Structures are given as C-alpha cells and as structure tokens.
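Visitor: I would love a guided walk through this structure, with some reasoning at each stop. Could you show it to me before we begin?

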Amino acid sequence: MTRKRGGVILAHVLSSICEKMNRKKSLPNDGGRSQDVLKRCLSTMDITLLGIGHMVGAGIYVLTGTVAKDIAGPGIIFSFFLAGLVSILAAICYAEFGTRVPKAGAAYAYTYIAVGEFWAFIIGWNICLEHMLGAASVSRAWSGYVDSLLGGWIKNTTLGLIGGEAHYDTDLLAQYPDVLACLICLIYALAMALGVKITAAINNILTLINIAVMLLVICVGFWYADVQNWFKADGGFLPYGFAGVIAGAATCFYAFVGFDSIATSAEEAKNPATSVPIATLVSLSAVSAGYILVSAALTLMIPTDEINPSASLPEAFGQLGLPWARIIITIGALCGMTTTLLGSLFALPRCLYAMACDGLIFSCFGRVNSMTQVPVLNLLASGIFSALLALVFDLKHLVEFMSIGTLLAYTIVAASVIVLRYRPLKPESLIYAPDSSESENLDYEADSLSEDSSADTISQTGELIGRTSAVYLKAKYKWLEPLVGSFEAERVVSTCVMLYCIFTFGICFQLKMYWSVTEAAGEVNDSSYWSFLFNGFILFFALACITLIGAYTQNTQGLTFKVPLVPLFPALSIFANIALMVHLSFVTWLRFFIWVSLGMLMYFGYGIHHSRQDGGENANYSILSSAGGQQATSGDLEETGNKQSCGGGGSSIAICHRFIGRKKSKGEQIQ
C-alpha cells in the first residue's frame, strides 16, 4: 500500500513538472500594448538604422579580409550571398512574429507562446549569451582595429607590463588581456543608460556615416578595379574550391547576426505591425548588397594574397596611394563597430527584462528606471559581463561560441511560425473581427473554401469568424482522416515539426560524415551508396511530415505580414540552420552544453517556481494529499491562460499525451 501510494505521488510530481515545462503564454489580443512599460518612441527609420548598424560593423571591416585571404578567395562574394540567403529565411520568420507579438524578448517571447516555457527559457538563456558574446567580440575587434593602426602598440605595451606572452598563451584564453576592449564595453553601457531615444539618435548618426563610407569604398574600389586580380592567386577565382565558399558562408553568417535586434525593439516601436517587417527586410537586403559589393571591390583592387586581415580596407587603399581614403575608412570602421556594439548592448538588457517579467530569472532585472524608461540594472550587468568576456577571451573563440546559440534560436523561431499558423484561435485571442465586406480576405486557404460545402451555408459574420479560427484537414486531404482525425490538429503539426527537425539533423549529420570520409579516402567507397539510401529514407519521412502539415488549413487572422509558402519556407530555414550547426566543432558543442547546464540550474532552481504562468502554488500539494491517488477535482487542477494540463492519471499516460496529443472528443471531431 505504501509503495502504491509512493508511486502515485511520484506520478503526480512528474506530471506537475511536465505541465509546468510546457505551459504557454497567450497571444496578445490588443497588439501587445495593454501592459507597455518601455516607451514607444522609435520610428520605422530608427528601427531600420538600428538593424543596419547592428549588422554592419566588425563583419565588413574585419571579417571580409579574413575570409577573402584565408577561406574563400574572391569567391567571398558567393559566401556572403549564401549567408545572406540563410539570414533572410530566418529574418522573414522574425518579421511575422514581430507583428504577432510586439514585445521585448524577440525569439524568447515567440517560443514561449508557440512551444512552451522550457524551450523559451533555453532560447532566452542562449540569446543572453549571444548578445554578450556579440558585444565582447565587437569590442575586441574595435580594439584590434585601433591597435593595428597604431602598429601593435597596445598589444606590445600590455605584454610588456604582464611580463611576456606565456601567461595567456593558451587555447582557451586570449594571448593578452585587452583592457581597451573592456573599457569600451563599460563606457557604451553607461552611455545607453541615458535613454533609448538618445541611443537611437547616436546610432542613426553613426550608421549614416558608416553607410556613406561603404558607398565611398564601393565607388572608389570599382574605379581602381582590375579584373585580373581575381585570377592571380593559385587556383584562380576559387582558390579553395567550392568547399571554401561554403566554409566562408558559415563564417560570414556572423556578419548578419544582429537583425533580431529589430524584433527586440518592437515593444519600443510606435507602430510595430508595419515597422518591424519593413525594417527587417530593408535592413537585411541593404546589408547583403553592401557586403557583396564591398567584398567585390576589395578583391578587385588588390590580389587576395596581399590583403591584411586586421585592417583590410585601409591597407588596400594605402597600397593604391590614397591616404585620404584610408583615414575616412578608419573613421567609418570605428563608427560601424560602435553601432554593432550598441546593437548588442541594446538587445541584451531587453531580453533579460522580458525573462524577469515572466519570473524565469530574478525579479530585480524586471525593473525600469522611471526617468529614462530603460532597465538600467540590466544594462550595467550586461556591460560588466561583456567587458569581462572581452578582457580575457580571443575574438576567434567568441565568434565560434556565438554561432551555435544564434542558429538554435533561428531554428526554434522558424518552427514556432509553423506551429502558430496551425493553432486554433480562442475567441478571446482574436485580434480583430472583420466585417462582411472583408469576408473574402479571411484567413484560410481558397481551395478549402471551394471544396468544403459547409462554407456555402455560412451566412453570418460571427459564424464565419468562428469557422476561420478553427484548423482542420482540407477537403482534398480527407483520406487522411482515419490516420490523424482523432487527434487535435495542433498536436499533429507540433509532432510533425519535431520529427522534421530530428530527420533534418540526421540527414545533415550523415552528409557531413559522408563528405569527411570521402574527402579523406579520395574516392567513393561501397558504404557510401548505403549512406545515400539511408539519407533518401530519412528525406522521404521529412518530406512526409511537411506534406502532412500542409494538409491542414491555416490561421492567419490579424497578421499584417505573413511568411510566404508556409510550411515550406520555414522548413527551408530550419534545414539551413541545422546544416550550419552540424559543421560547428566539437569544442563549441561542449561549451554550449556547459552553458545550457548552468541555465538548467537557474530554471529548475528558480524559474519553474516563480513563473508568472503558474496558476496556483498549492495545486500540487492538494493533489498529493488526495487519498489513494484519486482524480483531482477541477478546482485542484485549475488552469490559467492557455496552460496545458498533464494531470489526471498516471505519469506514463500524462507524459505520453504531451507528445502524441490528446484525442478529440466526439463533439470536437465534428466541424
């Protein structure tokens, strides 16, 4: 009897933990403005320049020379094109969420609504690290750029003061502590505490200067261009082959990290529904074109083997005998790196603020200064931690570690777009109610309207709204009813997205191993054919998951911007992100799991108990005290918001239901 009672208690504990990890936030039905704390003062131009400033910095002035000389050669223009294409796939998904949920937190807030609390915390925890590493890496690049112009004076002086290179010559830490980079982080963090409008004004001025310098580089570079420089290196235009172009794209991807700061600023935008998608598309398109043209101009001016990776553009113009251009480019480089640093330090405090408001991290990070309407404590903490990272870590390690968290966030956001498109809206979640004149624009697909005879019987607008808020199989896919008809559409879609991600990872990992073995052997061996068959088998099931998702109608009510070709477009984004993730080094994955483990201590030690989505702290204790493991009453299992319940029976059944979905009742199956 005691053992049975202990099993019942354990079952309820596991069920409660499962319930809490999967609780979700509701979509705001007022555009997210009802509980605004941060000041809405940013225009579309402010947000666009914020995105451009965050992306155009260390990437164009430092990364371009490194990739062109050591990785891709003149083929760097294709590397930037591929990296920009992957970023655009992710950016469009961010733009849709920016119109759905115009709140601080970006990918964290989106995941909380679409997937659940546990994965939202994982994403938020990694976004914080991403922006800290971003700020630290840019400040390192800022300091290194200045040092290269001073002939290495900062480095030599620092090494002389600490007594040589041996103290910091390790694989983990930088060769020497960069005091200048540390001070830069602290100074800019303090400056941003003055207020978001002042920060935006400074960013706008510096970004416009940077854009002007980029246009100067492009114009002067093409004026002095020599096409023969593309073919002087050994190997011609692609000295490292197409593999070098792919490797260069993975490295150039770092240059586009920063557009998510546009979505982060949505809570401070005057009109986020239009500003966020416009700013995202305009800034990313402009930056992609700028990167391609600048890299083309650089490789046309001088041969790639003569490029100085530390200060590629100023040195290139110096070799052409244009000292005035070198000075102007130096000013533009410092302005560009400053705006990138401001972008990271802008986004990081707001992610901390969003997580603190939800109770997942300490509540002190949810306080906003009454005068400047800025989370000052968050800014100070962000500046201090970023400064410490910049002080002791090298730029290469910072950039490597930064990529994995960013790619994971992009993957989850793309998956969340699919999940929310197929989630039925509750009446209280409807963002607007269209009148009869707008009925032709209602949000389910045209083919389902023409094929479903029940649509012809709808006469009242209210009934039509209720119909479009449901998600169901299209008429031409009714043959799937015996397979999935007994399960909720949202559960089927969520399961298919999860399986698609697993299959995609398997395909990408298998292809990576195949290429590695083939390259080492120098020929295709017999086992490679079995590898192709295995990948084809997995690919079939991955495509089957996407096809099954597409068999359902979509729910896009109230969206002013929509990702096209859902679920195909987000699925391509997921594939591209995972393909880049599997090519990261083992050490990078190890560091990532260590950081996530630290986050688990925070979540299970603090966040899961203080979450604002928790409907009642004593619900578990009332369940545990029920004799004989009987079913708890509805009062014991009261839900808040759209929190999903795992309670009721044994833990095995509850956990199973979390993955395969609750079966519909007879009433729910009748549309």
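Visitor: Thanks! How many aromatic pairs does the structure hold?
Guide: Happy to start there, and please keep in mind that this is a predicted model. Two rings are paired here if their centres lie within 6.5 Å. By that rule, the number of aromatic pairs in the structure is 23.

Visitor: Take F231 and F237: is their pair stacked, tilted or edge-to-face?
Guide: The ring centres are 6.4 Å apart, with 40 degrees between the planes. Stacked would need under 30 degrees and edge-to-face over 60. The pair of F231 and F237 is therefore tilted.

Visitor: And F237 itself, is that residue buried or exposed?
Guide: Let's set F237 beside its partner. F231 has 46% relative accessibility, so F231 counts as partly exposed. For F237 the relative accessible area is 17%, and the cut-off for buried is under 20%. That makes F237 buried.

Visitor: How far apart in sequence are the parts that F256 and Y291 tie together?
Guide: Nice one to look at in the viewer! F256 and Y291 pair edge-to-face, at 5.3 Å centre to centre and 70 degrees between the planes, and both residues are buried. F256 belongs to helix α10 (residues 241-256) and Y291 to helix α12 (residues 272-301), so the parts tied together by this pair are separated in sequence by 35 residues.

Visitor: Which ring does the charged end of R350 sit over?
Guide: For an arginine, the CZ atom has to be within 6 Å of the ring centre and within 35 degrees of the ring normal. The charged end of R350 is 3.9 Å from the centre of the ring in question. That ring belongs to F346.

Visitor: Now for empty space. How many charged residues are in the lining of the second largest cavity?
Guide: The structure holds six cavities of 30 Å³ or more, and the second largest has a volume of about 80 Å³. Its lining is made up of 14 residues, with H54, V138, Y254, V257 and T340 nearest the centre. Helices supplying at least two lining residues each include α2 (44-55), α6 (117-149) and α14 (323-357). By class, eight of the lining residues are nonpolar and six polar, and the number of charged ones is zero.

Visitor: On to the backbone. Which peptide bond is cis, with omega near 10 degrees?
Guide: Most peptide bonds are trans. Look in the loop between α21 (526-550) and α22 (568-581), where P567 lies. The cis bond there runs from V566 to P567.

Visitor: Which residue other than glycine has a positive phi near 55 degrees?
Guide: Most residues other than glycine have a negative phi. The one you want is in the loop between α21 and α22, and at 61% relative accessibility that residue counts as exposed. Its name is L565.

Visitor: Last stop: how many disulfides does the count come to?
Guide: A disulfide is a covalent bond between the sulfur atoms of two cysteines. The cut-off for the sulfur pair is 2.5 Å. C545, buried at 7% relative accessibility, has its nearest cysteine sulfur, that of C496, 4.8 Å away, and C545 is in no disulfide. For the structure, the count of disulfides comes to zero.

Methods
Residues are numbered from 1 along each chain as its sequence is written. This is a predicted model: local features need pLDDT of at least 70, side-chain atom pairs count only at pLDDT 80 or more; totals for chains, interfaces and linings use all residues. Side-chain values use heavy atoms; hydrogens and water are left out. Rings of Phe, Tyr and Trp (its six-membered ring) pair if their centres lie within 6.5 Å; planes under 30 degrees apart count as stacked, over 60 as edge-to-face and the rest as tilted. Buried means under 20% relative accessible area, exposed over 50%, partly exposed in between (1.4 Å probe, protein chains only). Helices (H or I, at least four residues) and strands (E, at least two) are DSSP runs, numbered from the N terminus. On a 1 Å grid over the protein atoms alone, a cavity is a set of points where a 1.4 Å probe fits but cannot get out, and a pocket is an open set with protein on both sides within 12 Å along at least five of seven lines; lining residues have an atom within 4 Å of a point. Grid points are joined across faces, edges and corners, and a volume is the space filled by probe spheres set on the points. Ala, Val, Leu, Ile, Met, Phe, Trp, Tyr, Cys and Pro count as nonpolar, Asp, Glu, Lys and Arg as charged, and the others, Gly among them, as polar.
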